Amino acid sequence: MKTQIVLADNHVVVRQGVKSLLEREGFLVAGEAADGQELLRVAKDLQPDVAVMDIGMPVMNGLVAVRELKRTCPKTKAILLTRHDEDQYVVEALRAGIQGYILKNQAATDLVDALRQVCRGQVYLSPGISRVVVDAYLSKSSMSDDPLSSREHEVLQLIAEGKSTKDVATLLGISVKTAESHRSRLMGKLDIHETASLVRYAVRRGLVQP
């Protein structure tokens with residue numbers, strides 16, 4: 001039986017290229033998505049073996065999506081396929097619970113091997129990922145723990161992308177009052193009380209691209 005995969009990337013041409021590569025190798029691409037929210041909807045319906053996603057997607061990025069995926073589809077493995085090799089992205093991805101972290105410029109050689117290893121229960125990191133970063137994560141000596149919930153991560157990402165409270169409410173399907181409450185709560189948890197500092201925090205955590 002073929003391994004079922006869902007792809008998530010906001011660039012159609014990237015999804016097409018990855019789909020072609022995987023199908024040549026005998027994998028079944030059962031669904032596609034353009035952002036993290038769509039990925040969660042598709043994954044909930046299909047319950048795929050593996051979800052392959054980018055980090056930098058609109059509305060809900062890959063890091064937040066992985067955390068939610070672990071809750072809603074616990075049997076689905078998660079692989080991030082991204083151009084980011086910076087330390088903060090790798091550490092946050094490991095914290096989120098990914099099983100694979102593949103650099104896009106190495107996808108042609110790494111992705112198929114990564115899928116096979118991940119399906120066997122192993123973790124795969126592209127050779128370009130610094131061993132020092134992984135060791136720091138394993139020793140818990142890198143970045144401080146993130147106190148925010150998944151919903152607060154979504155709100156923070158949208159704020160950092162320049163969305164107004166009304167925009168946040170519309171995109172997440174919540175009331176303006178609830179969006180304001182999430183914003184106030186996350187600012188209190190982070191002890192950050194200005195938008196510019198929130199944006200810097202989001203960049204540092206890999207929630208948005210600088």
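Trainee: Let's start with salt bridges: which side chain does Arg151 meet in one?

Mentor: Bear in mind that this is a predicted model. Arg151 sits in helix α7 (residues 150–160), and its partner lies in that helix too, 3 residues apart, about one turn of the helix. The N to O distance is 3.5 Å, inside the 4 Å cut-off, and the partner is Glu154.

Trainee: Is Glu154 buried or exposed?

Mentor: Arg151, on the other side of the bridge, is partly exposed at 28% relative accessibility. Glu154 comes out at 5%. Since the cut-off for the lowest class is under 20%, Glu154 counts as buried.

Trainee: What is the N to O distance in the salt bridge between Arg71 and Glu68?

Mentor: Both residues belong to helix α3 (residues 62–72) and are 3 residues apart, about one turn of the helix. Arg71 is exposed, with a relative accessible area of 59%, whereas Glu68 is buried at 12%. Their side chains meet, N to O, at 2.7 Å.

Trainee: And which residue pairs with Lys163 in a salt bridge?

Mentor: Lys163 is partly exposed at 28% relative accessibility. Its partner is partly exposed as well, with a relative accessible area of 32%. The side chains meet at 3.6 Å, N to O, and that partner is Glu161.

Trainee: Which residues do shared salt-bridge partners join into one network?

Mentor: By the salt-bridge rule, the model's count comes to 13. Shared partners tie some of these bridges together, and the network consists of Asp9, Asp54 and Lys104.

Trainee: On to cavities: which element supplies the largest share of the lining of the largest cavity?

Mentor: The search of the whole structure turns up 1 cavity of 30 Å³ or more, and the largest cavity has a volume of about 60 Å³. Three elements each supply at least two lining residues: β1 (4–8), α1 (12–24) and β3 (50–53). The largest share is 3 residues, and it comes from α1.

Trainee: How many charged residues are in that lining?

Mentor: The lining is made up of Leu7, Ala8, Asp9, Val14, Arg15, Val18, Val52, Met53, Asp54 and Leu81. Asp and Arg go in the charged class, and Asp9, Arg15 and Asp54 are among the lining residues. With 7 nonpolar and no polar residues, the charged count is 3.

Trainee: Where is Met60 found?

Mentor: Met60 is buried, at 3% relative accessibility. Leaving out residues up to four places away in sequence, it touches Asp35, Gly36, Gln37, Leu40, Ala65, Glu154 and Gln157. Glu154 is also the salt-bridge partner of Arg151. As for its place in the chain, Met60 is in the loop between β3 and α3.

Trainee: How far apart in space are Met60 and Leu39?

Mentor: In sequence, the two are 21 residues apart. In space, C-alpha to C-alpha, the distance is 9.4 Å.

Trainee: Last one: which residues is Ile98 in contact with, leaving aside its neighbours within four places in sequence?

Mentor: Ile98 has its place in the loop between α4 (87–96) and β5 (100–103). Its relative accessibility is 6%, so Ile98 counts as buried. Gly121, 23 residues apart from Ile98 in sequence, is 12 Å apart in space, C-alpha to C-alpha. The contacts of Ile98 are Val66, Ala78, Leu80, Ala93 and Leu125.

Terms used
Residues are numbered from 1 along each chain as its sequence is written. This is a predicted model: local features need pLDDT of at least 70, side-chain atom pairs count only at pLDDT 80 or more; totals for chains, interfaces and linings use all residues. Side-chain values use heavy atoms; hydrogens and water are left out. Helices (H or I, at least four residues) and strands (E, at least two) are DSSP runs, numbered from the N terminus. Buried means under 20% relative accessible area, exposed over 50%, partly exposed in between (1.4 Å probe, protein chains only). Contact means heavy atoms within 4.5 Å. On a 1 Å grid over the protein atoms alone, a cavity is a set of points where a 1.4 Å probe fits but cannot get out, and a pocket is an open set with protein on both sides within 12 Å along at least five of seven lines; lining residues have an atom within 4 Å of a point. Grid points are joined across faces, edges and corners, and a volume is the space filled by probe spheres set on the points.
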